[in-house]
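Welcome! Please take a look at the sequence and the model below, and then work through the exercises at your own pace.

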Amino acid sequence: MTTPKFPENFLWGGATAANQLEGAYNEGGRGLSVQDVMPKGLMTAPTLEPTEENLKLKGIDFYHRYKEDIALMAQMGFKVFRLSISWSRIYPNGDDAQPNEEGLQFYDDLFDELHKHGMEPLVTLSHYEPPLNLARNYRGWIDRKVIGFFETYARTVFERYQDKVKYWLTFNEVNSIISAPANGAIFPEEIEVTLADKWQAAHNQLVASAAATKIAKEINPEMQVGCMVISMPTYPMTSKPKDQLAVRDFMNENYAFTDIHVRGEYPGYLKRHLREQGIEIKFGENDAAILKEHTVDFISFSYYVSLVQAHDPETYQSGEGNIFRGLENPYLDSSEWGWQIDPIGLRLVLNDFWDRYQLPLFIVENGLGAKDVLIEDGAGSFTVEDDYRIAYLKAHLQQVGEAIEDGVELLGYTSWGPIDFVSMSTAQMSKRYGFIYVDRNDDGAGSLKRYKKKSFNWYKEVIGTNGASLYDAE
Ligand code: BGP
């Protein structure tokens, strides 16, 4: 058995999203985003105005504390730091004629701080936080006008940061729009939304993604633009061929998004799926050409869970997961939030994407949300003994090593939530992912002080040995 070796220039780091950690929701000229009225994430309908129970309004105050936090990431040896630009910091209403200079300056300072510590920024243009105005006075991504607003936003930030940011992602988990339209500024509780509307929104985002890729390359051909999807390897409940067909149908609904980003056209199975649903996508006259001519440089994805499908799902126990649901896998353990833990699934999905596209890959989210307990570990110092998180990440990273041995070209790995912040689906602080504990609770109370968990030094060693310590004898 050969011990896997990670590439010399492997980009180790962590991933964040503006709406989940920045806070300062009404500072620096920022406009409201859809997340400011989603106090319980995807669990409840949007509120009319921001409510104080919404932990994201303050987040972990990264907006004011980013220098301290980036210095902590640098202590772990991060080579890359994934963040999103809050669209409504740059264009407060999404349809503004001019950008907000205070917002642009904030990210200028943030990128300078990252480079000061030797970290590459990996920047998501839209991470579930479009301006609220696009939901309330347009129909979110269902409305084709939003493509133009996104192009203006993308051009502004590409031009401003062309010498500071090399790696860009267009939409976070772009394949989630059908299951979680609110993250795409579509509120089914407020406007009538059909399945056709959601697929039209998906189309508009795909066109916007390709249009942004075109703009990036015009400004600086060195820029690398990637798509970003939720990945979830899916197993058949039994060896019945009909169960495998159910797996394929489910996987195709997700492959469609990477297929279009990479191959530049709608695959036959998607055309059939839409035809059979009676859905006709409205194409702009240049859409097909834009999709075809401006495909991505790499594929990035989040990985948390694998799923199980069957042709007769009603006969089995359903499971939990990241936005998508499947059936409970009797062979896997689950997290405290019911997300099933499957490290081998990550090796499978890496091989799947590599075999299908032969494009460089980037794991931009992977981590364990858990109820960490802060303990005193000496005179006045505190930590969290998160051996469970070390076990989760070690098992997953060992499978990443196996995939690299399989020949997969992988650019890097950014763990989800290198520091505790507000979860997306449930908007909790108690669902903690970080190597750094932040003293804030679900009721909003806390000092916001930062404490290193046991996993902090573990990850520091993984990075310092470029993955070799993953294979040290126990
Ligand atoms: C993904 C999102 C992230 C992150 C992650 C974990 O869908 O891209 O924003 O939040 O899920 O989910 P949660 O925070 O709900 O545990």
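A pocket here is an open set of grid points with protein on both sides within 12 Å along at least five of seven lines, and a lining residue has an atom within 4 Å of a point. Keep in mind that the model is predicted.

**Exercise 1. The largest pocket**

Find which residues line the largest pocket, and say which elements give two or more of them.

Solution. Step one is the list: the lining is made of Ala 246, Asp 249, Phe 250, Asn 252, Glu 253, Tyr 269, Leu 270, Arg 272, His 273 and Glu 276. Step two is to place them on the chain: helix H8 (241-263) and helix H9 (268-276) are the elements that give two or more residues to this lining. Step three is to sort by class, which yields 4 nonpolar, 2 polar and 4 charged residues. The space in the largest pocket comes to about 240 Å³.

**Exercise 2. A closer look at Glu 276**

Describe where Glu 276 lies and whether it is buried or exposed.

Solution. Start with the element: Glu 276 is part of helix H9. Next comes the accessibility: exposed means over 50% relative accessible area, and Glu 276 has 55%, so it counts as exposed. Then look for a partner: the side chains of Glu 276 and Arg 272 make a polar contact at 2.6 Å. Finally, for a sense of distance, Gln 75 is 201 residues from Glu 276 in sequence, and their C-alpha atoms are 54 Å apart in space.

**Exercise 3. Three salt bridges**

The whole structure has 29 salt bridges. Compare where the two partners sit for Lys 164 with Asp 108, for Lys 116 with Glu 113, and for Glu 218 with Lys 214.

Solution. Take Lys 164 and Asp 108 to begin with: their closest N and O atoms are 2.7 Å apart. Lys 164 is in the loop between helix H6 (145-160) and strand E4 (167-171), while Asp 108 is in helix H4 (residues 101-116), so this pair ties together parts that are 56 residues apart in sequence. Lys 164 is partly exposed, at 22% relative accessibility, and Asp 108 is buried, at 8%.

Now turn to Lys 116 and Glu 113, whose salt bridge spans 3.0 Å from N to O. Both residues are in helix H4, 3 residues apart, which is about one turn of the helix. Lys 116 is exposed at 61%, whereas Glu 113 is buried at 7%.

The remaining pair, Glu 218 and Lys 214, has its closest N and O atoms 2.9 Å apart. Helix H7 (residues 195-219) holds both, 4 residues apart, again about one turn of the helix. Glu 218 is partly exposed at 47%, and Lys 214 is partly exposed at 34%.

**Exercise 4. The largest cavity and the ligand**

Which residues that line the largest cavity are the closest to its centre? Which residues are the closest to the ligand?

Solution. Begin with the search of the whole structure, which finds 8 cavities of 30 Å³ or more. The largest cavity holds about 150 Å³ of space. It has 15 lining residues, and Tyr 304, Asn 322, Glu 365, Trp 416 and Met 424 are the closest to its centre. By class, the lining has 6 nonpolar, 6 polar and 3 charged residues.

Move on to the ligand, which is surrounded by 14 residues, the closest being Gln 20, Glu 173, Met 424, Ser 425 and Tyr 433. Met 424 therefore appears in both lists of closest residues, as the cavity list and the ligand list show. Some side chains have an N or O atom at a stated distance from an oxygen atom of the ligand: 2.8 Å for Asn 172, 3.0 Å for Asn 322 and 2.7 Å for Glu 365.

**Exercise 5. Positive phi values**

Say where Gln 358 and Ala 427 lie, and whether each is buried or exposed, or in between.

Solution. Recall a general point before you start: most residues other than glycine have a negative phi. Gln 358 has a positive phi, near 50°. Its place is the loop between helix H11 (343-357) and strand E9 (361-365), and Gln 358 is partly exposed at 49%. Ala 427 also has a positive phi, of about 55°, although it is not a glycine. Ala 427 is in the loop between strand E12 (410-416) and strand E13 (436-438), and at 6% relative accessibility Ala 427 is buried.

Methods. Residues are numbered from 1 along each chain as its sequence is written. This is a predicted model: local features need pLDDT of at least 70, side-chain atom pairs count only at pLDDT 80 or more; totals for chains, interfaces and linings use all residues. Side-chain values use heavy atoms; hydrogens and water are left out. On a 1 Å grid over the protein atoms alone, a cavity is a set of points where a 1.4 Å probe fits but cannot get out, and a pocket is an open set with protein on both sides within 12 Å along at least five of seven lines; lining residues have an atom within 4 Å of a point. Grid points are joined across faces, edges and corners, and a volume is the space filled by probe spheres set on the points. Ala, Val, Leu, Ile, Met, Phe, Trp, Tyr, Cys and Pro count as nonpolar, Asp, Glu, Lys and Arg as charged, and the others, Gly among them, as polar. A salt bridge is a side-chain nitrogen of Lys or Arg within 4 Å of a carboxyl oxygen of Asp or Glu. Buried means under 20% relative accessible area, exposed over 50%, partly exposed in between (1.4 Å probe, protein chains only). A residue is near a molecule or strand if one of its heavy atoms lies within 4 Å of it. A polar contact is a pair of N or O atoms within 3.5 Å; within protein, one must be able to donate a hydrogen and the other to accept it, and residues adjacent in sequence count only if both atoms are side-chain atoms.
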